[in-house]
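Biologist: Hello! I am new to this structure and would love a close look at one part of it, the pairing of charged side chains. Could you walk me through that slowly?

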Amino acid sequence: MVQLKLDTTRAAGLKPLGTPGQRSFGLIVQTVERALTPAHARVFAEPVPSPEGDATDWYATVPGAARRLTDLAPEAAEAARLRLGGLIGDIAALADRLGTGADPDGQRLSAALRHAIEVPGERSIFLVGDQPVLIDWAHQQDGAEAPRGVLAAMIPPRIDPRAAARAAAQAAATEAAAMPAPIVVEAARGPLDWLWWLGIAVLGAMTAAIIALLIAPCGIAGFSVLNACPVAAEVTGGDPAGEARQAQLEDVVAGLERRLIEADRACLPVPPEPQPEPEPERTEVVPQPEPEPQPEPEPEPQTPPRDEIDERLEREQAQSGELNFTLVWNDTSDLDLYITCPAGGTIYFEERNACGGGALDVDANERNLAGNPGSTITRTPVENVFFARDPVAGTYRIEVKLFADDPAQPGRPHPFTVRVRFGTQTETFQGTVNVNRPEWSRNFSYRG
């Protein structure tokens, strides 16, 4: 699917919230989509930092026409705020649930979600189709009086329908009790007193019926025909027909985008027709005897050379398999290795076993949210992901993310090396991360 670029923002004037690891797009989206719905996950635009690290391109993960919230008409803008407020309220409630436990991983995710639902202002809110999308999330304006809680102000209040019904019934009963009692005038008795009393009884019954229809029916106990309290509609998880219609419209929009791209290509100038090549001169070919095929020598098995990476793996007692991904760097910062398999699963520090046989068995320089080390801190760290047997052939995505900077030298770049070993072959990648560009990625094709 063609991703839609929403805007490009500069790092100057913005203050990031939390650590680079907490601002990881993959971590936020996977956590929200697993616990809530894809619509909640699509609230966050994907950031793509520039090579210099001074700007970020933001891409929507849904197709459609993009409009900034501040450019909408007042009625449309208010409707978008209500929809966005409902989604943000669910994400905030998820952060509360994760933060109440004693699990440090849950507290880390809770803090990451709370940072993610902060934006510098309403100019960071877009509407793509009917889907609210945020840019500059987990950032605020760089200043002493920077506004906070721009999205929290849009969360609608939670109202208990039973409490509202009880309050209405109590108000109706109070209003009925405050009505003055009817004045009864005693008439002179005569031979037709029973007709007079019958009229009084009919009038009283009519008055009681009128009062019963005027006040809230929920406040009347008695006949079921008068007790017409509305039954609260059962809340369901969603409208299947509406979701199917939305998916169909998204497919239509994606098809139109592809047609536009093909139309742009059709507008390119038509290349000139190739001139026919002259016919080659005919020469008499004398057949030559074919040489006898010689048997190819069998290749001798090669042993990979031993280097410093192998020494670090042996020091940490790392395991190896048919396919291995190893990350090394040379300072006390906390870098994390992510491996996304062809089928879609991702192996990293919170999901150490995935992809039907892959595992992360060495995680170096690990720190918790307070910056305290959770493992031995070393200047020769190594992280290792291995597939013991039968790794799936296809494209593997390698990602390196900066979770915590080197406290001894904050702000400096962190060069690293990623080695991929499969059988007797190796392939090596070099890269650098820093606080302005905390993520790096490459693709690796494994043929099996």
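Biologist: How many salt bridges does the structure hold?

Modeller: Happy to help! The structure holds 14 salt bridges, a salt bridge being a side-chain nitrogen of Lys or Arg within 4 Å of a carboxyl oxygen of Asp or Glu. Side chains of opposite charge can pair when their charged atoms come close.

Before the examples, a word on the ground rules. This is a predicted model, in which local features need pLDDT of at least 70 and side-chain atom pairs count only at pLDDT 80 or more, while totals for chains, interfaces and linings use all residues. Residues are numbered from 1 along each chain as its sequence is written, and side-chain values use heavy atoms, with hydrogens and water left out.

Let us start with D7 and R68. Their closest N and O atoms are 3.2 Å apart. D7 sits in strand β1 (residues 4-10) and R68 in strand β5 (residues 66-68), so this salt bridge links distant parts of the chain, 61 residues apart. Helices (H or I, at least four residues) and strands (E, at least two) are DSSP runs, numbered from the N terminus. R68 is buried, with a relative accessible area of 13%, whereas D7 is partly exposed at 23%. Here buried means under 20% relative accessible area, exposed over 50%, and partly exposed in between (1.4 Å probe, protein chains only).

Next come E122 and R81, whose closest N and O atoms are 3.1 Å apart. E122 lies in the loop between α4 (104-116) and β6 (125-128), and R81 belongs to helix α3 (residues 74-100), so the pair ties together parts that are 41 residues apart in sequence. E122 is partly exposed, at 27% relative accessible area, and R81 is partly exposed too, at 23%.

A further salt bridge joins R419 and D307, at 3.4 Å from N to O. R419 is in strand β16 (residues 414-422), while D307 is in the loop between α7 (240-266) and α8 (308-315), 112 residues away along the chain. R419 counts as buried, with 6% relative accessibility, but D307 is partly exposed at 30%. These two also belong to a network of salt bridges that links D307, D310, R419 and R421.

Finally, a note on confidence. The protein chain averages a pLDDT of 80, and 69% of the residues score at least 70; pLDDT is the predictor's confidence in each residue, from 0 to 100. Over residues 183-189 the pLDDT is below 50, and that stretch has three contacts beyond near neighbours in sequence, a contact meaning heavy atoms within 4.5 Å.
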